[in-house]
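This report introduces a structure to a reader who has not met it before. Please keep the sequence and the model at hand while reading.

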Amino acid sequence: MDVLVSLCKRRGFVFQSSEIYGGTGSCWDYGPLGVELKNNIKRLWWRDFVQRRPDVVGIDASILMHPNVWRASGHVENFTDPMVDCRECKHRFRADHVDAMPWVHYCAATKGNKFTVKPGEPCGHCGERRSLCPQCGKGTLTAPRQFNLMFKTFMGPVEEDAAVTYLRPETAQAMFVNFDNVLQSMRLKLPFGIAQQGRSFRNEITPGNFIFRTREFEQMELEYFVNPRDTVDGRPADEHWHDRWIEDCLAWYKRYGLRAENLQLREHEKDELAHYAKRTVDIEYRFPIGWSELMGIANRTDYDLKQHAKVSGKSLTYFDEERKDHVVPFVVEPAAGVDRSLLAFLSDAYQEEEVRGEKRVVLRLHPELAPVKVAILPLLKKRDEIVRACHAIRDELARSWSVAYDDTAAIGRLYRRQDEVGTPYCVTVDVQTVGDAGEQGDDRVTIRDRDSMEQVRVPRAELVPVFRELLEGGAWKDVAARFTPAAAKDSA
Ligand SMILES: [Zn+2]
Ligand SMILES: [Zn+2]
């Protein structure tokens, strides 16, 4: 994980938020390359799950919603963690985590010497078990109190109870609240989905592990509504669609590069299921911190629509033409985190290898995810014609893709820099391209492939169609076969 964190900072993917002031608790800022990667993840998700599907539409709702939304959803009452406080150092702990922490102990049997004792174990000198604060070893702990994880704020100019509202802790509720608006305006037929991407906020007590768990994060959620009276292949429609969504989401992560051996499904046990959920399955990823949840796919039944109908007094039903009756749809919810997905894609893509005796760090990101698609590099930055040609190529390719120009090092070094941020292709312009000593140039440039490090010379006029082919899924070997291999300059 440290390697990734350091790469992210050094190369402009992720910075600590407000770093010059010492940072903000577990908030992170995406830098120039990070924002590109993050936007690519969101764009691909939207394209594959909203635009390309005939049965899904999108919305973009407010972060601030009516406070009753969170009463109806159960967040005001139940979105809590039991917390204890130290009366001495004021540190706050999750009550269920205290016993699993190493604890500081001033041991009476050894003249009050300070020890750190392993979690759950007694002191080796006096045999005592932890009773005081594990952090400072001095204060007593309060009884557990419920602490709500929603960020509270005030709507309007007065800070009074009537004006309390919350930063949304999830995007999902907006789809339930807008169910009827979307249904009526788009004239939809079940089954259909409503999708949204956006920020959510949770005042986590123990955030951490880089961008894995943060207090402000971005979600990609979809609520897929089905008619619970329908059957598909002899099974209840909600169960059929739940399985379909698990398959589709898993396939999506694999398509953009996560390796099958780093992905697994985890079925929630009965006692871990939310009371309204019929079944929940997590897609887990083998993060650098171990197997952890990448996304969850829950069958939430008709709980949410019924709750909002009850609290708002508005009917949230669907008219079943076939049965001439109103029905409350069931909902299957695939919910993914953008930041977590980004961390998974980065860690899966990160590789160190040895090339001609030197370490090469390469991010083997899927071309559609890569923050920069093509880097344009001059072989000699002192030759005006070369630099001019590079800028002209840059401008032309920048109409379609995110590209970079770099002339601040020797070519070997420039290639390594692009490898390290996952740029799939580089274009080099050299003397042969532009001509030398009165001789006409051949107007060909060198394209280098990140993964194989092979190079071919391609007529400049063909760059756009060639990159269109490569960046839309074409294989390097097919393209390379059509052009002349170039002498490798990679060892420079
Ligand atoms: Zn303490
Ligand atoms: Zn002791």
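## Zinc ion (ligand 2)

C126 counts as partly exposed, since its relative accessibility is 32% and the partly exposed class lies between 20% and 50%. The model in which this value was computed is a predicted one. C126 belongs to the donor set of the zinc ion (ligand 2), which consists of H105 (NE2), C107 (SG), C123 (SG) and C126 (SG) at 2.1 to 2.3 Å from the ion. C107, by contrast with the partly exposed C126, is buried, with a relative accessible area of 0%.

The arrangement around the zinc ion (ligand 2) is tetrahedral because its four donor atoms subtend angles of 102 to 113°. For four tetrahedral donors the ideal angle is 109.5 degrees. Along the chain, the donors of the zinc ion (ligand 2) are spaced as H-x1-C-x15-C-x2-C. The pair C107 and C126 links distant parts of the chain, 19 residues apart: C107 is in strand β6 (residues 103–107), and C126 is in the loop between β7 and β8.

## Zinc ion (ligand 1)

The zinc ion (ligand 1) has as its protein donors C86 (SG), C89 (SG), C133 (SG) and C136 (SG), which lie 2.2 to 2.4 Å from the ion. The site is tetrahedral, with angles of 102 to 118° among the four donor atoms. The spacing of these donors along the chain is C-x2-C-x43-C-x2-C.

C86 is located in the loop between β4 (80–85) and β5 (92–94), and C136 in the loop between β7 (113–117) and β8 (145–148); the pair therefore ties together parts that are 50 residues apart in sequence. Both C86 and C136 are buried.

## Aromatic pairs and a cluster

A search of the whole structure yields 22 aromatic pairs. One of them is formed by F179 and F192, whose rings are stacked, with 6.0 Å from centre to centre and 15° between the planes. F179 lies in helix α6 (residues 179–186) and F192 in strand β11 (residues 192–201), so this pair ties together parts that are 13 residues apart in sequence. Both F179 and F192 are buried.

One aromatic cluster is made up of W45, W46, F49, Y224, W241, W245, W252, Y253, Y256 and F345.

## An open sheet and the helix across it

Six strands form an open sheet in the order β24-β23-β25-β26-β27-β28, and their pairing is mixed. At the edges stand β24 (403–405) and β28 (484–485); each has a single partner strand, so one side of each is left without a neighbour in the sheet.

Within this sheet, strand β26 (residues 444–449) pairs with strand β27 (residues 455–459) in the antiparallel sense over five bridges. V445 has V458, in β27, as its bridge partner. Helix α13 (residues 463–471) lies across β23 (374–378), β25 (425–429), β26 and β27, and runs at about 160° to β25.

## The surroundings of Q264

Q264 is placed in strand β15 (residues 263–267). Its relative accessible area is 31%, which means that Q264 is partly exposed.

Leaving aside residues up to four places away in sequence, Q264 touches D282, I283, E284 and W291. Of these contacts, I283 is 19 residues from Q264 along the chain, and the C-alpha atoms of the two are separated by 5.9 Å.

Notes:
Residues numbered from 1 in each chain as written. Chains lettered and ligands numbered in written order. Predicted model: local features only at pLDDT ≥ 70, side-chain atom pairs only at ≥ 80, totals over all residues. Heavy atoms only, no water. Helix = DSSP H or I, 4+ residues; strand = E, 2+ residues; numbered from the N terminus. Buried < 20%, exposed > 50% of the residue type's maximum accessible area, 1.4 Å probe, protein only. Contact = heavy atoms within 4.5 Å. Donors = N, O, S within 2.8 Å, 3.2 Å for Na, K, Ca; no water. Tetrahedral: all angles 85-135°; square planar, octahedral: opposite > 155°, others 65-115°. Pairing = 2+ DSSP bridges. Axes fitted to C-alpha atoms, helices over the stretch in contact; angles between N-to-C directions. Phe/Tyr/Trp six-rings, centres within 6.5 Å; stacked < 30°, edge-to-face > 60°.
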